Number of protein chains: 2
Amino acid sequence: MRILLVEDEPEMAVALSAALKGHDMVVDHVPTLAQAEEAISADVHRAVLLDRQLPDGDGLVLIPKLRARAVGIPIIVLTARGELVDRVAGLDHGADDYLAKPFAVDELVARLRAVLRRPAGMQCDLLRVGRLAFDLAHREASVEGRPFQLPRRELLVLETLLRRIGRTVLRSSLEEAVYSFDDEIQSNALDTHVSRLRRKLTEAQAGVEIHNIRGVGYLLKHSR
Amino acid sequence: MRILLVEDEPEMAVALSAALKGHDMVVDHVPTLAQAEEAISADVHRAVLLDRQLPDGDGLVLIPKLRARAVGIPIIVLTARGELVDRVAGLDHGADDYLAKPFAVDELVARLRAVLRRPAGMQCDLLRVGRLAFDLAHREASVEGRPFQLPRRELLVLETLLRRIGRTVLRSSLEEAVYSFDDEIQSNALDTHVSRLRRKLTEAQAGVEIHNIRGVGYLLKHSR
DNA sequence: GACCCTACATTGCGGCTACATTACGGAGAG
DNA sequence: CTCTCCGTAATGTAGCCGCAATGTAGGGTC
């Protein structure tokens, strides 16, 4: 199991490398975005651990390039910024998981194994449910090949539900995914988005349903 | 699943309680160390969320006392101080995990579940009885793979009985698991939940039965 | 066995809360 | 200016849940 670690702080890099080696992993460490790009082109890594704060830019910009070169490779973003906005930003950019520093090494290893265990289908960046398809890379939905255009908020709701299809998404998670930190909401705005999205999904015969779990959140599933 | 939250900031406490409640947990909130000690002596909580900055001292001093009273109970320390030094201090004092504010509620819940799973960590966290399966991690029940949806209280009853399958659960234990301190009830509400749960279990042909032990409590077992 | 007391079972009702849906108006883009 | 998006609020609806009334079964005593 060979891992690419993109991290500029030497202390952190050494510690992580040691820990991962202890778990029978082979770690290649690079400190910059440029070197990371070069390393990934060798196409020998099964996963990428990506710090955001790098000397030559935000680690997130690397994600699309990684996706272009090695489509299904799992990416876990590491960051000192634990704010929700950043978390969402990370996942929106196509990362597979996100870990805020400080974190337990055990947790990192656990999540790494989790993303590596995932079936190949999940790693594809085109989610399909019913007649609906969602291109995570371009953030576009389509029904039976026809573009299914949605306003921003509704698209965020749909994407968030799709990323956790068949499993309940907490109402709070949904709010966090749709609204940034300083967007203050004091109404049932989220409900209206869900409602409008529902109508459009049925009108387009997307073949998916949004169920409500009372007191908990929502869940998207294939309709029958 | 009943949790003790030790937190003095009302705003944070309210938010956390609400969030945890959304995950089908029962939360008792106390704002001081003294009250925390008293609450834990009731011995009904399965985990403790402990803030460090409390009006009557550092939350860490509570840990040895908790360990004395409730040996294996998981403790997660919450703190505004996210420095590594503090982290180590927290773990050194015997906490099971450590979370720096601000944190995502989802992450807290995930870690809470992780530490609660730990004793049974080697086993799969999917309890199976008859045709019924209960996913402890996601707090979802299913019958033969089909989702088996239940309201909050009934789910709590089912989970509590499942965790002690084949053994009688005291009526008082069940009440403690389902209701928090201030949820005090004065009727046979618990019985009605058991009744409704029974009906749903038979309707879904779950293959389990809830037996009553007169004057003692209830017991869940495989129905032949 | 007759009787009674108590614990449990079951059901319907009402209040409460969460959710669904619709209409409206403001704000920003073109 | 016009159109779309989106937050707000009002209104309607459904589900949960505590409560109480009524029925049933267990177990004790005589």
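Q: Which part of DNA strand D does the protein mostly sit by, sugar or phosphate, or bases?
A: In this predicted model, 57% of the strand D atoms within 4 Å of the protein belong to sugar or phosphate, and the rest belong to bases.

Q: OK, and which residues come nearest to strand D?
A: There are 25 residues around DNA strand D, and the nearest are A:Pro151, A:Arg153, A:His193, B:Arg153 and B:His193.

Q: What kinds of residues make up that surface: nonpolar, polar, charged?
A: The surface near DNA strand D has 7 nonpolar, 10 polar and 8 charged residues.

Q: Which helices supply them?
A: From chain A, helix H7 (152-163) and helix H9 (189-203) each give at least two residues to the surface near strand D. From chain B, helix H6 (152-163) and helix H8 (189-203) each do so too.

Q: Which side chains have an N or O atom by a strand D phosphate oxygen?
A: B:His193 is one of them, with a side-chain N or O atom 2.6 Å from a phosphate oxygen of strand D. A:Arg153 has a polar side-chain atom 2.8 Å from a phosphate oxygen of that strand. For A:Ser187, the distance from a side-chain N or O atom to a strand D phosphate oxygen is 3.1 Å.

Q: Let's switch to DNA strand C. Which residues are closest there?
A: Strand C is surrounded by 22 residues, with A:Arg214, A:Tyr218, B:Arg198, B:Arg214 and B:Tyr218 the closest.

Q: And how do the strand C atoms by the protein divide between sugar or phosphate and bases?
A: Within 4 Å of the protein, 71% of the strand C atoms belong to sugar or phosphate, with the rest in bases.

Q: What polar side-chain atoms lie by phosphate oxygens of strand C?
A: A:Arg171 has one at 3.3 Å from a phosphate oxygen. A:Ser195 has one at 3.4 Å, and B:Ser195 has one at 3.4 Å as well. The elements that give two or more residues to the surface near strand C are H9 of chain A and H8 of chain B.

Q: How does that surface divide by residue type?
A: Near strand C you have 2 nonpolar, 10 polar and 10 charged residues.

Q: Tell me about H8 of chain B, then. How far does it reach?
A: H8(B) has 15 residues and reaches 21 Å from its first C-alpha to its last, close to the 21 Å expected at 1.5 Å a residue.

Q: Which of its residues are buried?
A: The buried ones are B:Ala189, B:Leu190, B:His193, B:Val194, B:Leu197 and B:Leu201. Seen down the axis, they fall within an arc of 135 degrees, so they line one face of H8(B).

Q: What do those buried residues pack against?
A: Their partners in chain B are strand E9 (132-135), strand E11 (146-148), H6, helix H7 (171-178), strand E13 (208-213) and strand E14 (217-222).

Q: And what's on the face turned away from the buried side?
A: That face of H8(B) carries the exposed residues B:Arg199, B:Thr202 and B:Glu203. Following the helix is B:Gln205, which has a positive phi near 50 degrees.

Q: I'm also curious about B:Glu154. Buried or exposed?
A: B:Glu154 counts as buried because its relative accessibility is 4%. B:Glu154 lies in helix H6 of chain B.

Q: What does its side chain make a polar contact with?
A: The side chain of B:Lys200, at 3.0 Å. Not counting residues up to four places away in sequence, B:Glu154 touches B:His193, B:Arg196, B:Leu197 and B:Lys200.

Q: Over to chain A: what about A:Arg198, which helix is that in?
A: A:Arg198 lies in helix H9 of chain A. With 32% relative accessibility, A:Arg198 counts as partly exposed.

Q: What is A:Arg198 in contact with?
A: Leaving aside neighbours within four places in sequence, A:Arg198 is in contact with A:Ile210, A:His211, A:Asn212 and A:Tyr218.

Q: Last one: how many helices and strands does chain A have?
A: Chain A has 9 helices and 14 strands. Of its 224 residues, 49% count as buried.

Note on methods. Residues numbered from 1 in each chain as written. Chains lettered and ligands numbered in written order. Predicted model: local features only at pLDDT ≥ 70, side-chain atom pairs only at ≥ 80, totals over all residues. Heavy atoms only, no water. Near = heavy atom within 4 Å. Polar contact = N/O pair within 3.5 Å; in protein donor to acceptor, adjacent residues only side chain to side chain. Helix = DSSP H or I, 4+ residues; strand = E, 2+ residues; numbered from the N terminus. Nonpolar A, V, L, I, M, F, W, Y, C, P; charged D, E, K, R; others polar. Buried < 20%, exposed > 50% of the residue type's maximum accessible area, 1.4 Å probe, protein only. Contact = heavy atoms within 4.5 Å. Expected span 1.5 Å × (residues − 1). Arc of directions from axis to C-beta.
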